[in-house]
Amino acid sequence: RQIDEQMGELQRQQTEFSQITGSMREGLVLLDEKERVLSINPAAEKLFGADESCIGQDFLTIDRSHDVSLAIQDAMEEGHSEARVERGGRIWQFDVSRIGAAVGAVLLAFDITERETAEQTRREFTANVSHELKTPLQGIIGSAELLENGMVKQEDVPRFIGHIRKEAQRLVTLIGDIIRLSQLDEGDVMPRETVDLLQLTQEAADDLKTAAAEKNVSVTVEGKMVCLDGVRRLLYEVIYNLCDNAIKYNVEGGSVKMTVGEQDGKAVVSVSDTGIGIAPEDVPRVFEKGYTGYNGRGGQKSTGLGLYLVHQTAEMLHCRVSLSSRIGEGTSVTIDLHQEELGKE
């Protein structure tokens with residue numbers, strides 16, 4: 001009876017253990033002192049392409065990765081070790097810990113793909129922003145030094161001062177983008193009001209007249225008055241950034257058309273340009289933070305913040321952003337939103 005009770009308790013514990021490990025997203029493998037498999041959960045079976053028949057077999061029968069084998073050996077000797085391995089396009093971290101006085105080891109496998117991707121994006125973003133901050137500062141310092149040392153002809157002074165102003169404005173714009181990005185990430189509450197989308201679009205176009213003139217790009221605003229309840233500042237940021245991009249990545253003598261209207265009960269704003277276009281492989285990533293892959297085609301520099309800010313802001317406003325583009329023909333971006341949703345707190 002005692003044996004039966006003990007066996008029953010062991011069976012209950014085994015069932016409980018299997019249920020717990022079976023629901024884990026992480027891969028779990030228990031090894032004995034000779035590195036034979038004592039237990040393997042479903043997540044680990046999927047990762048290593050194994051099944052329960054591997055129990056009792058040497059770990060090498062299910063995985064011959066040198067990095068993982070070395071991690072197990074190091075854990076047996078030193079108590080703990082880690083390894084990072086790529087499997088099937090995913091990045092996995094293996095944490096191996098020794099059990100007791102080398103009576104076995106526990107191997108845990110974590111999918112860290114998203115974390116690694118986010119870290120890579122952060123590094124690229126930081127590098128881009130640092131470069132963008134450094135470039136105008138160098139221009140400002142260089143021009144100021146020439147003026148300070150009297151090395152600029154009197155007739156050229158206005159041009160150098162204009163260059164300093166232009167680079168300083170570039171810095172202000174960049175810093176403003178970073179601040180707005182921080183505010184969006186923190187979810188700051190912003191005041192709502194009735195907004196005339198047509199008037200707001202014309203305002204953004206007017207504010208970009210100088211940039212358009214420098215690129216010899218014409219900007220037109222068409223459509224009808226559409227009023228809705230929303231955050232004026234955020235709506236302006238979306239439209240302004242879309243128009244700014246349409247001008248920046250346009251061709252000399254190109255055009256930008258901004259249209260405001262209603263369709264299927266939604267307010268719609270579209271911005272179309274005759275610019276350089278975006279390659280099909282880049283289109284899915286243009287709204288990612290810090291992504292600048294497509295910009296190099298036009299010889300333009302960017303921190304990759306503009307369209308990311310558009311996407312994040314649009315989400316806050318319950319907008320849907322769609323983009324279509326063809327290399328050498330231009331890009332069209334459309335934002336649409338339910339007017340009643342803009343009134344929601």
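Is L108 buried, exposed or partly exposed? In this predicted model, L108 has a relative accessibility of 24% and therefore counts as partly exposed, since the limit for a buried residue is under 20%. The residue is part of strand β5, which covers residues 104-111. Beyond its neighbours within four places in sequence, L108 makes contact with M24, E26, G27, L28, Q93, F94 and D95. The C-alpha atoms of L108 and S97 are 8.6 Å apart, with a separation of 11 residues in sequence.

The chain as a whole contains 10 helices and 12 strands. Of its 345 residues, 41% are buried. The accessible surface amounts to about 19400 Å², and carbon and sulfur atoms account for 50% of that area. When contacts between residues at least 6 apart in sequence are considered, 58% of them join residues at least 24 apart.

Strands β3 (residues 80-87) and β4 (residues 90-99) are paired in the antiparallel sense, with 8 bridges between them. The two strands form a hairpin with 2 residues between them, and G88 in the turn has a positive phi of about 55°. In a regular strand the side chains alternate between the two faces of the sheet. Strand β3 shows such an alternation: S81, A83, V85 and R87 are directed to one face and are buried, whereas H80, E82, R84 and E86 are directed to the other and are not. R84 stands opposite Q93 of β4, and Q93 is also among the residues in contact with L108.

A second hairpin is formed by β9 and β10, again with 2 residues between the strands. In its turn, D264 has a positive phi of about 55°. Strand β9 spans residues 255-263 and is joined to β10 by 8 bridges in an antiparallel arrangement. Within this pairing, M258 has V271 of β10 as its bridge partner. Because 6 of the 8 residues of β10 are buried, this strand is largely enclosed by the rest of the structure.

Strand β8 (residues 227-230) also has alternating side chains. L228 and G230 point to one face and are buried, while C227 and D229 point to the other face and are not. Strand β6, residues 193-196, runs antiparallel to β8 and is joined to it by 4 bridges. One of the bridge partners in this pair is L228 of β8, which is matched with V195.

The search for internal space returned 3 cavities of 30 Å³ or more in the whole structure. The largest cavity has a volume of about 170 Å³. Its lining consists of 15 residues, and those nearest the centre of the cavity are N245, Y249, D273, I278 and T331. By class, the lining of the largest cavity comprises 10 nonpolar, 4 polar and 1 charged residues. At least two lining residues are supplied by each of α8 (232-248), β10 (266-273) and β12 (330-338). The largest share, 3 residues, comes from α8. Strand β10 thus takes part both in the hairpin with β9 and in the lining of the largest cavity.

Positive phi values also occur in loops, at residues other than glycine. E35 has a phi near 65° and is located in the loop between β1 (27-32) and β2 (37-40). With a relative accessible area of 21%, E35 is partly exposed. N216 has a positive phi of about 55° and is likewise not a glycine. This residue lies in the loop that separates α7 (209-215) from β7 (218-223). N216 counts as partly exposed because its relative accessibility is 45%, a value that falls between the limits of under 20% for buried and over 50% for exposed residues.

Among the helices, α4 spans residues 113-148 and includes A144. A144 has a relative accessibility of 35% and so counts as partly exposed. A distance of 9.9 Å separates the C-alpha atoms of A144 and H163, which are 19 residues apart along the chain.

Technical notes:
Residues are numbered from 1 along each chain as its sequence is written. This is a predicted model: local features need pLDDT of at least 70, side-chain atom pairs count only at pLDDT 80 or more; totals for chains, interfaces and linings use all residues. Side-chain values use heavy atoms; hydrogens and water are left out. Buried means under 20% relative accessible area, exposed over 50%, partly exposed in between (1.4 Å probe, protein chains only). Two strands pair if DSSP finds at least two bridges between them. On a 1 Å grid over the protein atoms alone, a cavity is a set of points where a 1.4 Å probe fits but cannot get out, and a pocket is an open set with protein on both sides within 12 Å along at least five of seven lines; lining residues have an atom within 4 Å of a point. Grid points are joined across faces, edges and corners, and a volume is the space filled by probe spheres set on the points. Ala, Val, Leu, Ile, Met, Phe, Trp, Tyr, Cys and Pro count as nonpolar, Asp, Glu, Lys and Arg as charged, and the others, Gly among them, as polar. Contact means heavy atoms within 4.5 Å. Accessible areas come from the Shrake-Rupley method with a 1.4 Å probe; for residues, only the protein chains shown count as cover.
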